Amino acid sequence: MRFTQSFALALLLLAGVAQAASWGFDDGTVSVVAKRAGETGSKERFNSKTPLTKPVSLGSTDTLKISLTAKDNGQEKRPHQAFVILKEKETGLEAPFPLTVKENGKAVASITHKDLPVQFLITDEPLEASIVLGSFGSSKALNAPVFDVKLQKDPNVPLPPYEKPVRYGKKEEIHHIFRADPKSPPKVISIIFALAVLATVPALFISWVLLGANLNHLSKAIGAAPVSHATFFGSILAMEGVFFLYYTSWNLFQALPVIGAVAVVTVLSGTKALGEVQSRRLAGER
Amino acid sequence: MLRSSPLLSLFAFLLCWGAALVSAVSTTGNRLLAILDDVGEKENYSKFLGDLESRGFQITYETPKSESLALFHLGERAYDHVIFFPTKTKGLGPNLTPQILVNFLNAKGNILQTLSSSTTTPNSLVSLLAELDITLPTERTGLVVDHFSYDTLSAPETHDVLALPPPVPVRNDISPLFSAGAPKDALLAFPHGVGAVLGPREQLTPILRAPNTAYSYNPKEQSEVLDASDLFAAGQQLSLVTAFQAINSARLVLLGSAEMLQDKWFLAEVATPNGGKPVKTFNREFAKRVSAWAFQELGVLRVNWIEHHLNEVTAVNESNPHIYRVKNDTYTISLSEYAYDKWSAFSLPANDVLQLEFSMLSPFHRLPLSLDKSQSTPEASVYTVSFKLPDQHGIFNFKVDYKRPFFTNIEEKTTVSVRHMAHDEWPRSFVISGAWPWIAGLGATVTGWVVFVALWMYSAPPTDKKNKVGSKKTN
C-alpha cells in the first residue's frame with residue numbers, strides 16, 4: 001500500500017517535472033476576419049488540451065488569424081519552431097504555416113485561401129489544424145490538434161486547375177467491348193416466310209397444269225433427236241448441280257472450268273435439240 | 001584459321017570464369033569511383049567502403065581537383081558508378097560538370113550523392129539535381145531538425161541528429177526494399193543532414209521522408225529566429241533520402257546525410273525522446289541497401305523470355321506467330337529479379353499487378369498477368385494471361401510496360417498482325433435462320449426453271465381451243 005502510494009507520488013512528481021520542462025501556449029485564439037467591412041467574423045479561444053468541437057469555417061475571401069503566446073515551462077519565450085500545420089485527414093497531406101513569433105512569445109499567423117495548396121481547395125473534407133511548438137534544448141516539444149477548418153467555397157470563383165501528378169503504378173484495367181453479333185429474326189418468322197416462298201412452286205405447277213401444260217411431245221422429241229435432247233436437258237440439270245456444289249464445297253476456281261465444260265455441252269446439244277423444237281413449230285405442231 | 005589448343009581453351013575458360021566471378025557483384029559493373037575532398041577522409045567511411053569492396057566493387061578514390069579524373073574514356077564510361085562524398089570546394093572543376101554527369105546517367109552510369117549540412121553542396125551537383133527536379137535549400141545548405149524525434153544521446157540540445165524508424169513505402173503497392181526484415185524497434189540515425197524537395201516527377205521516389213514535425217533551416221542565418229517567409233520546407237515534403245531512376249534505368253540516390261555512412265554512426269546507439277531504450281542504429285544495413293539499390297544490385301528485373309500462342313487445340317499451334325485472327329490467345333512472360341549476387345524469381349509487391357496491354361495506338365485490352373506456378377522455377381517466375389483478341393484487324397502490340405518505383409523499367413513490345421475473317425471463315429448461310437427464305441427462294445427458282453425448260457420443250461399444245469390460241473400466241 002505504502003509502496004503504491006509512493007509510486008503514485010513519484011509519478012505525480014515525474015509528471016510535474018515533465019510538464020515543467022515542456023512547451024505550451026496560452027491565449028490561443030482563432031478568428032475569421034471577413035474582407036468586407038461591417039461583417040463581423042467569428043472569434044474562438046482554444047487550448048492545447050481539448051480541440052474545438054465545431055469546425056471554423058473559412059470563406060474564400062476571409063482571413064484566418066491565429067494568435068497565441070508560446071510558453072516554455074510557463075515562461076513566455078520564443079520557440080524556434082512555431083507552426084500551424086493544416087492536414088487533410090483523408091490523404092494525410094500536410095501544409096505547415098510558420099507563426100511569426102516575437103521575443104515575448106506572442107505569435108500570429110494569418111491564412112487565406114490563396115496560401116493553401118490546391119489539393120486542400122478541391123477537397124470537401126475539413127482540415128485539421130494543429131499547433132507545433134518546439135525548440136532546441138531539453139524542453140519537450142508540443143504538437144496538439146486544436147481545431148478543424150472547413151473551407152467555404154465561393155461557387156462563383158472557379159477552382160484552380162489541378163492535375164494529379166503522374167506516378168508509376170498499376171493502371172486501370174481495360175477490357176475490349178466487342179461489337180454485338182449480327183442478329184437474326186425469330187426462327188418462326190424465317191420458317192413461315194421460307195414456307196411461303198416454297199409454296200409458290202406447287203402454286204406455279206398447278207397453274208401450269210390448269211393452263212394445259214403437259215409432256216405429250218416427250219416421246220416424239222426423244223424419238224427425233226434422242227442424244228441431243230438427253231444431253232441438253234442433262235446439261236441444264238448438271239449446271240444446277242455445279243451451282244449446288246459451288247454453294248456447298250467448291251471454290252470459284254473449281255467451279256469455273258466445270259461450268260465452261262457444261263456450257264459447251266449445252267450449246268452444242270442445244271442447237272440440235274432446239275432445232276428439233278423449231279421443226280415441230282414449223283410443222284405447226286405446237 | 002586459329003587452331004585452339006586445349007590449354008588455350010582452358011585458359012579462356014578460366015578467364016571467363018574469373019570475369020564472371022568479379023562481375024557477379026552488380027548487374028552493370030563493378031568499377032566504382034569515390035570522390036572525396038581528401039583521400040584520407042575515407043578512413044571515416046571505412047566500414048561502408050569495406051562492405052562495398054567485400055561485395056566486389058573496385059573502388060578508385062579521387063579528389064575533384066585531380067587532373068586524371070575522367071568519367072569517360074574514348075567515349076565509353078570509365079566507371080560504372082560514382083559516389084560523391086561532401087566536398088568543401090564550391091565547384092567540382094571541369095571534369096565533373098553537370099553536363100558530364102547527365103551524360104554519365106544517360107550512359108547508364110549510377111550516382112550516389114551524399115550531402116552534409118556542414119559543407120555547401122558544389123554548384124555542379126546542385127545543377128544536376130535541378131535537372132532532375134530535386135531542389136536543395138537556398139544557399140546550398142540547410143539543416144534538418146526535429147524537436148520530436150531526435151537522438152537524445154548525441155544531440156539533446158541541438159536536435160539535429162534525427163532518429164527515425166526504417167522507412168515504410170510511400171504507397172502500399174511499392175516494394176518495401178529498404179525496411180523489409182528490419183527489427184521492430186530499429187532506428188536510423190540521420191545526423192546533420194540536408195533535406196530536399198522533390199518535383200512532381202514519376203521518376204523520383206523518396207526513400208526516406210522527414211517526419212511530420214521536422215523542418216529545414218539555415219544554421220548560419222536562422223539559428224535564432226526562423227522567419228515565417230523563409231521556411232524552405234517542413235514535414236513530409238522534405239525528402240531525406242531520394243531515389244531517382246531514369247528511363248534507361250540509370251539510378252541516382254541523394255543521401256541527405258553523409259555522416260550516416262560513417263563508422264561512428266554504424267556503431268552508435270540512439271534513443272528517441274519518447275523514452276525508448278537506446279538501440280544500435282540500423283544504418284549499416286540501410287547503407288548497404290541504399291548503395292546496393294543505387295549500384296544496380298537490388299531491384300533489377302530481367303525479362304528471360306516471352307511467348308505467345310493461339311490458345312486452341314489444333315494441329316498447327318506454333319509459338320510466337322506473326323499473325324492472328326479474332327480468337328483466343330495466350331501471352332506468357334518470364335521475369336527474374338536480381339538481389340546482390342543472384343537472379344531469383346520475381347514476385348510482385350503486394351497490391352501491385354503486372355499488366356499486359358494489347359494495343360494499336362491505344363490499348364484495347366489491359367489485363368493483369370497472373371503467376372503460373374507450373375512453369376515457374378526458383379530462378380524465374382512466369383506470368384501469363386489468356387484473352388480474346390479484339391474484333392479489329394490491324395497491327396497490334398503485346399506490351400508489358402512495368403515501371404515501378406525501385407524496380408528497373410520493363411518495356412517489352414511484341415508486334416503481331418491481326419487479320420480479319422476470311423470470306424470462307426464466316427458461318428454458312430444455312431446456319432443463319434434469317435437467310436432461310438432466301439435459300440428457299442433459290443430452291444424455288446431452280447425447280448421452277450428446270451420444270452419450265454421441260455414444259456417448254458416437250459409440251460404439246462393443249463386440246464382446249466381457247467387455250468390453244470393463247471398458247472400459240474405466246475410461243
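Trainee: How many residues does helix α6 of chain A have, and how far does it reach from its first C-alpha to its last?

Mentor: This is a predicted model, and everything we read here is read from that prediction. In it, helix α6 of chain A runs over residues 252-282, which makes 31 residues, and its span from first to last C-alpha is 42 Å, close to the 45 Å expected at 1.5 Å a residue.

Trainee: Where does α6(A) bend, and by how much?

Mentor: The bend is at Gly270(A), where the helix turns by about 35°. Gly270(A) also belongs to the buried residues of α6(A), among them Val262(A), Thr266(A), Ser269(A) and Ala273(A). Charged residues appear in that list too, including Glu276(A) and Arg280(A).

Trainee: What covers the buried residues of α6(A)?

Mentor: The cover comes from both chains: it includes α4 (218-224) and α5 (226-248) of chain A, together with α7 (436-458) of chain B.

Trainee: What should I look for at the two ends of α6(A)?

Mentor: At the start, a side-chain oxygen of Asn251(A) reaches to within 3.1 Å of the backbone nitrogen of Phe253(A). Just after the helix, Gly284(A) takes a positive phi of about 75°. Gly284(A) counts as partly exposed because its relative accessibility is 47%, and its C-alpha is separated by 129 Å from that of Asn47(A), a residue 237 places away along the chain.

Trainee: How is the size of an interface often given?

Mentor: The usual figure is the accessible area lost when the parts come together. For chain B and chain A, the buried area is about 6600 Å², and carbon and sulfur atoms give 60% of that. The contact takes 79 residues from chain B and 72 residues from chain A.

Trainee: How many polar contacts and salt bridges are counted between chain B and chain A?

Mentor: There are 27 residue pairs in polar contact, with both residues at pLDDT 80 or more. On the side of chain B that touches chain A, at least two residues each are supplied by β13 (215-217), β22 (354-360), β23 (362-371), α7 and α8 (465-474) of chain B. Of these, α7(B) gives the most to that side, with 19 residues. The number of salt bridges between the two chains is two, and one of them joins the side chains of Lys171(A) and Glu357(B) at 4.0 Å, N to O.

Trainee: What allows such a pairing, and which other salt bridge does Glu357(B) form?

Mentor: Side chains of opposite charge can pair when their charged atoms come close. Glu357(B) also forms a salt bridge with Arg366(B), where the closest N and O atoms are 2.8 Å apart, and both Glu357(B) and Arg366(B) are buried. Elsewhere in chain B, the side chains of Glu425(B) and Arg419(B) meet in a salt bridge at 3.1 Å, N to O. Glu425(B) counts as partly exposed because its relative accessibility is 28%, and Arg419(B) is likewise partly exposed, with a relative accessible area of 33%. Returning to the contact between the chains, salt bridges that share partners join Lys171(A), Glu357(B) and Arg366(B) into one network.

Trainee: Are the two partners in the salt bridge of Lys403(B) and Glu411(B) buried or partly exposed?

Mentor: Here the cut-off matters, since buried means under 20% relative accessible area. Lys403(B), at 13%, therefore counts as buried, whereas Glu411(B), at 45%, counts as partly exposed. The closest N and O atoms of this pair are 3.2 Å apart. Over all chains, the count comes to 20 salt bridges.

Trainee: Which side chains make polar contacts with that of Asp72(A)?

Mentor: Asp72(A) lies in strand β4 (residues 63-72) of chain A, and it counts as buried because its relative accessibility is 10%. Its side chain makes a polar contact of 3.4 Å with the side chain of Lys77(A), and another of 2.8 Å with that of Ser139(A).

Trainee: Where does Leu188(B) lie, and what is it in contact with?

Mentor: Leu188(B) lies in strand β10 (residues 188-191) of chain B, and it counts as buried because its relative accessibility is 0%. Leaving aside neighbours within four places in sequence, its contacts include Leu162(B), Pro166(B), Leu208(B), Met260(B) and Phe286(B).

Technical notes. Residues are numbered from 1 along each chain as its sequence is written. Chains are lettered from A and ligands numbered from 1 in the order in which they are written. This is a predicted model: local features need pLDDT of at least 70, side-chain atom pairs count only at pLDDT 80 or more; totals for chains, interfaces and linings use all residues. Side-chain values use heavy atoms; hydrogens and water are left out. Helices (H or I, at least four residues) and strands (E, at least two) are DSSP runs, numbered from the N terminus. The expected span of a helix is 1.5 Å times one less than its number of residues. The bend at a residue is the angle between axes fitted to the seven residues ending there and the seven starting there. Buried means under 20% relative accessible area, exposed over 50%, partly exposed in between (1.4 Å probe, protein chains only). Contact means heavy atoms within 4.5 Å. A polar contact is a pair of N or O atoms within 3.5 Å; within protein, one must be able to donate a hydrogen and the other to accept it, and residues adjacent in sequence count only if both atoms are side-chain atoms. Buried area is the accessible area (1.4 Å probe) that two parts lose on being put together, summed over both.
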